[in-house]
Amino acid sequence: MNKLALILLVISLPLGAGGQSGDPLVSKCVMSAGSNVTYLKDFRVQLGKASAQSDFRFKQVFALSKNMKYRFTLCNASESGGELIMKLIDDTGRTVLQSFDPKSGKTFSSVEFTCNKTGTYKILFDFKDFQQGLGVGVVSLVK
Amino acid sequence: MRITFVILGLTLAVVFSGCRSSTGKNAGFVFPDEDSIPLAQAEQLSEEALDDISRNISSPVEIAEILQRMDVPFNAGYLASEIDASRQSTGFDKALKLGILGADLGYLNMYEKTGTSIDLLSSIKKLADGINVGQFFDFETLKRLSLNRSNLDSLLYLSLDSYNQIDRFLREKGRGQLSALMITGVWIEGQYLATQVLKQFPDTLLRNRVGEQKIILNDLIMLIAPYCNLGNEYSSLCKDLQELREKYREVRITYTLGEPQMMEKDGALIVVQTDQSKVEMTDEQLQAITVTSEKVRNRYISNK
């Protein structure tokens, strides 16, 4: 991504003009996705602290295609209580990837996924330890 | 460093059957032809099911990515230049054509034909204003970016983001039928583009991509299904998509399963899926899909 151009673009946009184009968190996240990608979609995730730990609370569906490489970029607002984490689940219910290691607790803010099976996938988001938080997940196509 | 992850045996299978049944629930409602549906009571019944359906507005960008890998030259003849935005009278026409032109915009931008896209942007603005979503397009910025190739990434971002926002807005405001039409328009044009290119430039990757659209088409049909009874325009579109689905009936997509390979590189997690999907589609099936895709698309770009 041409960062300078995008920064100028974001500055030039009216904040909150009818939607999220002026959302600085989305813009920051799109910029941090890297220089060799094409933006496809963003998911703005805002959740309170979960009363009980269950499954990820924010769910979206997205079709991914074979022979394409996607990058998931995860960003947090400074006031977030926890880090944004994600899982990708295929149409059989299998977890294809997750942005954290449940054993070590390590999280990744960037996940690159080489897709070899076209289909409908569920992208699940939550905040680590089911904390409250505000974050953005961006899906990009790696060129 | 190789990282082993515990693969959780989650069983969150995508359930589309609820969406299908919602169509039946809609049958008792009377809807006007225009988009001012009295708060889409029926639609809300199936909202959860509709959320389980993919809404890929970006698919033409992915198709254009394949075309560039194939070194297929840009062809303005593929564009829906027949569409006259000022002659679209119904919400149906405006929303569907907003999708079709959105796909063309993605194609133009991916090929860096940004100067050409200015005319297209004007048409998109008219259509978007016509269904009261023009506020999501910052046309002045888009035009400015179109005039400067170095801003291509920003242009792509802003264009796709505008469509994503419209989709979100329409659904939140109980105008999901227009959102579904827009997404259908994007898909119809992307499908047309892919099949037309294949006629001239046979390629396995693109051919498989066309075959795999069997999966996406099924999603699309379920997305539009709750609105098939809204009027003649909607029911015709539903029939067209069903006709296309018939052409895909014998196309087979098979899967082999594997465990994903994961590694860490430069602080990022890299995941390679070892599952494989395989498309089996005969030349005759492809020909039938191509002909029907073209027929359907050409019907909807005409100005009546």
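Here are some questions and answers about this predicted model, taken chain by chain.

User: How many helices and strands are there in chain B?
Analyst: Let's start with the general make-up of chain B. Buried residues account for 47% of its 304 residues. Of its contacts between residues at least 6 apart in sequence, 73% join residues at least 24 apart. As for the count you're after, chain B has twelve helices and four strands.

User: And what order do the elements of chain A run in from the N terminus?
Analyst: In chain A, 50% of the 143 residues are buried. Its secondary structure comes to two helices and eight strands. Going from the N terminus on, they run α-α-β-β-β-β-β-β-β-β.

User: Which helix of chain B gives the most to the largest nonpolar core?
Analyst: As background, nonpolar side chains in soluble globular proteins tend to be buried together. Here the largest nonpolar core has 111 residues, and those with the most contacts inside it are Ile100(B), Leu101(B), Ile124(B) and Ile224(B). The helix that gives the most, with twelve residues, covers residues 176-200 of chain B: it's H9.

User: Leaving aside neighbours within four places in sequence, which residues is Ile100(B) in contact with?
Analyst: Ile100(B) is one of the residues with the most contacts inside the largest core. Once its neighbours within four places are set aside, its contacts are Ala80(B), Ile83(B), Gly185(B), Ile188(B), Glu189(B), Tyr300(B) and Ile301(B).

User: Where is the kink in H10(B) centred?
Analyst: Helix H10 of chain B covers residues 204-224, and its 21 residues should span 30 Å at 1.5 Å a residue; the end C-alpha atoms are 30 Å apart, so the two agree. H10(B) is also mostly covered, with 16 of its 21 residues buried. Still, the helix has a kink of about 35 degrees, and its centre is Ile215(B).

User: Is E3(A) largely enclosed or open, and why?
Analyst: Look at strand E3 of chain A, residues 68-76, and count the buried ones. Seven of its nine residues are buried, so the rest of the structure leaves it largely enclosed.

User: Over how many bridges does E3(A) pair with E8(A)?
Analyst: Strands of a sheet pair through backbone hydrogen bonds, either parallel or antiparallel. E3(A) pairs antiparallel with E6(A), residues 110-115, over six bridges, and there Tyr70(A) stands opposite Phe113(A). On E8(A), residues 133-142, the bridge partner of Leu74(A) is Gly137(A). E3(A) and E8(A) are antiparallel too, and their number of bridges is seven.

User: Which strands are the edge strands of the six-strand open sheet?
Analyst: This sheet takes strands from both chains, in the order E1(A)-E8(A)-E3(A)-E6(A)-E3(B)-E2(B), with mixed pairing. From one strand to the next, the twist averages 20 degrees. An edge strand here pairs on one side only, and that picks out E1 (37-47) of chain A and E2 of chain B.

User: Which residue in E3(B) does Met263(B) stand opposite?
Analyst: E2(B) and strand E3 of chain B, residues 268-272, run antiparallel and are joined by five bridges. Within this pairing, the residue opposite Met263(B) is Ile270(B).

User: Does Met262(B) count as buried, exposed or partly exposed, and why?
Analyst: Met262(B) lies in strand E2 of chain B, residues 261-265. To be buried a residue needs 20 or more C-beta neighbours within 10 Å, and to be exposed it needs 12 or fewer. Met262(B) has 17 inside 10 Å, so it counts as partly exposed.

Key
Residues are numbered from 1 along each chain as its sequence is written. Chains are lettered from A and ligands numbered from 1 in the order in which they are written. This is a predicted model: local features need pLDDT of at least 70, side-chain atom pairs count only at pLDDT 80 or more; totals for chains, interfaces and linings use all residues. A nonpolar core is a set of buried Ala, Val, Leu, Ile, Met, Phe, Trp, Tyr and Cys residues joined through C-beta atoms within 7 Å. Two residues are in contact if their C-beta atoms, placed from the backbone, lie within 7 Å. The expected span of a helix is 1.5 Å times one less than its number of residues. The bend at a residue is the angle between axes fitted to the seven residues ending there and the seven starting there. Two strands pair if DSSP finds at least two bridges between them. Axes are lines fitted to C-alpha atoms, for helices over the stretch in contact, and angles run from 0 to 180 degrees between N-to-C directions.
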